Amino acid sequence: MRLSLVPDRLYPSYREIRPAFLREMGIKLILCDLDYTLAPKSVARPDDEVRRWIGEMESAGIRVMILSNNRSPARVEAFCHDLGIDYVGHAGKPFARGFRKAMDIADVTAGETAMLGDKLLTDVLCAHFNDALALMVEPAGGPKTVWQKVLHAMQEPFKRMNRRTKQ
């Protein structure tokens, strides 16, 4: 278990994360946050870019699942149903319960798992608590509310410790 808020890799968008890099790292499962990671919260259904990216991952033998703290399952269920992928809702990130459940479903170890998200206190910390690869992206659609703007501003010093990663 690592206690760090510094992501292992930082990207402008999920689209920059390539299957070849994940395969090289031994990753078989990528757990993705949904809101502001794969799509802005206002986007109810996956777009063609998300579909293409997930297809590339799956073609490379990397399973994609959603790991969400979202309290309402309706959006997560619909989004995942459209994509034909599994999800764990009410995940309790950064704690291990949901993360471990997703690994059990995929039958992988922490060393074979990456966590992708836009927040340090949930997504990055969850990955580190579970000894997985922590991948971070800038929020899709940008922060909208005052709270989101403050939260993302507070993340900047930690993100600067690992500026944009090239693959």
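**Notebook: loops, sheet and one aromatic pair**

**Entry 1. The loop between β4 and α4**

I began with His-90, which I located in the loop between β4 and α4. The model I am reading is a predicted one. I looked up the backbone of His-90 and noted a positive phi of about 45°, although the residue is not a glycine. For context, I recalled that most residues other than glycine have a negative phi, and that most peptide bonds are trans. Is His-90 buried, partly exposed or exposed? Its relative accessibility is 44%, and I therefore entered His-90 as partly exposed, since that class lies between 20% and 50%.

I then turned to Pro-94, which also has its place in the loop between β4 and α4. The peptide bond that joins Lys-93 and Pro-94 is cis, and I recorded an omega of about 20°.

**Entry 2. Further positive phi values**

I next checked Asp-107, found in the loop between α4 and β5. Asp-107 is not a glycine, yet its phi is positive and near 55°. At 69% relative accessibility, I classed Asp-107 as exposed, because the class begins over 50%. I added Asp-131 to this entry: this residue comes just after α5 and takes a positive phi of about 55°.

**Entry 3. The order of the sheet**

In what order do the strands of the open sheet stand? I read the order as β1-β6-β5-β2-β3-β4, a sheet of 6 strands with parallel pairing. β1 and β4 (87-88) are at the edges; each has a single partner strand, so one side of each is left without a neighbour in the sheet.

**Entry 4. Strand β6**

How many of the residues of strand β6 are buried? I counted 5 of the 5 in residues 133-137, which means that β6 is largely enclosed by the rest of the structure. In a regular strand the side chains alternate between the two faces of the sheet. I traced the two directions here: Leu-133, Leu-135 and Val-137 point one way from β6, while Ala-134 and Met-136 point the other way, and all are buried.

I also looked up the neighbours of β6. Strand β1 (residues 9-11) runs parallel to β6 and is joined to it by 3 bridges; I found Tyr-11 opposite Val-137. Strand β5 (residues 113-117) is likewise parallel to β6, with 4 bridges between them. Met-115 has Ala-134 as its bridge partner in β6.

**Entry 5. Helix α5**

Between β5 and β6 I followed the chain through helix α5 (residues 120-129), and the three elements make a right-handed β-α-β unit. I noted that α5 is mostly covered, with 7 of its 10 residues buried. These are Leu-120, Asp-123, Val-124, Leu-125, Cys-126, Ala-127 and His-128. What covers the buried residues of α5? I listed elements including β3, α4 (96-106), β5, β6 and α6 (146-160).

**Entry 6. Strand β2 and its neighbours**

I found both faces of β2 covered: Leu-29 and Leu-31 are buried on one side, and Ile-30 and Cys-32 are buried on the other. Strand β2 (residues 29-32) and β5 run parallel and are joined by 4 bridges. Two of the partners I looked up in β5 are Met-115 for Leu-31 and Leu-116 for Cys-32. With β3, β2 pairs in the parallel sense over 4 bridges, and I found Leu-31 opposite Met-65 in that strand. Leu-31 thus has a bridge partner in β5 and stands opposite a residue of β3.

I recorded a second right-handed β-α-β unit, made by β2, α2 and β3. Helix α2 (residues 48-59) lies across β2, β3 (63-67) and β5, and runs at about 130° to β3.

**Entry 7. Aromatic rings**

I then searched for aromatic pairs, and the count comes to 1. The pair is Tyr-14 with Trp-53; I entered it as edge-to-face, at 5.2 Å centre to centre and 75° between the planes. Where in the chain do Tyr-14 and Trp-53 lie? Tyr-14 is in the loop between β1 and α1 (19-24) and Trp-53 is in helix α2, 39 residues apart, and the pair thereby links distant parts of the chain. I noted both Tyr-14 and Trp-53 as buried. Finally, I recorded that Arg-15 lies over the face of Tyr-14, at 5.3 Å from the ring centre.

Note on methods
Residues numbered from 1 in each chain as written. Predicted model: local features only at pLDDT ≥ 70, side-chain atom pairs only at ≥ 80, totals over all residues. Heavy atoms only, no water. Buried < 20%, exposed > 50% of the residue type's maximum accessible area, 1.4 Å probe, protein only. Pairing = 2+ DSSP bridges. Right-handed = clockwise from strand over helix to strand, strands pointing away. Contact = heavy atoms within 4.5 Å. Axes fitted to C-alpha atoms, helices over the stretch in contact; angles between N-to-C directions. Phe/Tyr/Trp six-rings, centres within 6.5 Å; stacked < 30°, edge-to-face > 60°. Lys NZ or Arg CZ within 6 Å of the ring centre and 35° of its normal.
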